[in-house]
Each structure stands twice: as structure tokens, then as C-alpha cells.
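Me: Before I rely on the labels given to parts of this protein, I would like to hear the reasoning behind them. Could you take me through it with the structure in view?

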Amino acid sequence: MHQTLSSITLLGSLSLMLIGCDNTTEVTREVSASAYTIAESETKKGNVGLAAWGDQLEPGMKAIAVSRDLIKAGLTHETEVRIEGLPGTYLVLDKMNKRWTDHIDILMEDPQAARSWGRQGVTISWEVPAE
């Protein structure tokens, strides 16, 4: 059980909540989200499903790719992320091209579902050690 001690808003869309009990800070951020599949055209050429950190993506995995600026904000390899409106947690297992900022790419099994998702604004949250 977490007990919220205080909330700080930084840079408009980035919020930090200091959480008691387990000495972590929950970070929330508004980002743009698209979807992708493990098709070779959407992952590493010549090695279907190979992610940028070396993980092998499989159909049905709850994984996301993140833009490089989000890595600097604490969304590092294997970080658990909650995406508002979607059930469960997702693992950061892939990196996006450097041209993207404030963006995640959600791994989906069905190519039609990925196309239907399009690009949407979402709120994501994850925990980092409290300072």
C-alpha cells in the first residue's frame, strides 16, 4: 500500500509523486503512443522480433519501445510501465529511433489492432528510487 506524501509538477506534463512505504517515486507523463508488431519491417531486419536491448520479442508479450528522451527520464531497460486505459503493466524492452521524443510504441500481436490503434495521447507511469 502506498501513501502519497506530496506531488510536484515539472515541465507541464511530467508529474512526480513522492511515495512512502517502499522509498520510490512514481513518475507520470503524457506521451504520444503508437503500436507495432514483431514483423521484420517493424523490428530488426534479418532477426524478427529482436529488440534494441537484445531481448527477443514474442507475440503476446506486454512490451513497449520508448523514445530516447524517456530513457533519460528513467524509463530504462525492463522498467515496468502502466499505461492509462490498458490493463496490466508493460516492460520497456525496446528503443525507438532518435527522431522520436515523448513517444512510446506498444507491442501488439495483431497487425490490424496495431493499425487501428493509430497514434494516441496516453498517460504512463513508472516508479524510480526516491532521492
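**Reasoning behind the labels**

Reply: The protein exposes about 7,400 Å², of which carbon and sulfur atoms supply 51%. Please keep in mind that this is a predicted model. Its 2 helices and 8 strands follow one another from the N terminus as β-β-β-β-α-β-β-β-α-β, and 38% of the 131 residues count as buried.

Me: Why is Val122 called buried?

Reply: Val122 has a relative accessible area of 6%, and the cut-off for buried is under 20%, so Val122 is classed as buried. This residue lies in strand 8 (residues 120–129).

Me: Which residues does Val122 touch, leaving aside those up to four places away in sequence?

Reply: Val122 touches Arg29, Glu30, Val31, Ala33, Ile83, Ile104 and Trp117, where a contact requires heavy atoms within 4.5 Å. As for Ser34, which is 88 residues from Val122 along the chain, the C-alpha atoms of the two are separated by 9.8 Å.

Me: What makes strand 4 a paired strand, and which strands are its partners?

Reply: Pairing requires at least two bridges between two strands. Strand 4 is joined to strand 6 (residues 89–95) by 4 bridges, running parallel, and to strand 7 (residues 103–107) by 3 bridges in the antiparallel sense, so both pairs satisfy the requirement. Val66 stands opposite Lys95 in strand 6, while Ala65 has Asp105 as its bridge partner in strand 7.

Me: Which way do the residues of strand 4 point?

Reply: Ala63 and Ala65 point one way, Ile64 and Val66 the other way, and all are buried. In a regular strand, side chains alternate between the two faces of the sheet.

Key:
Residues numbered from 1 in each chain as written. Predicted model: local features only at pLDDT ≥ 70, side-chain atom pairs only at ≥ 80, totals over all residues. Heavy atoms only, no water. Buried < 20%, exposed > 50% of the residue type's maximum accessible area, 1.4 Å probe, protein only. Areas by Shrake-Rupley, 256 points an atom, 1.4 Å probe, with all protein chains shown as cover.
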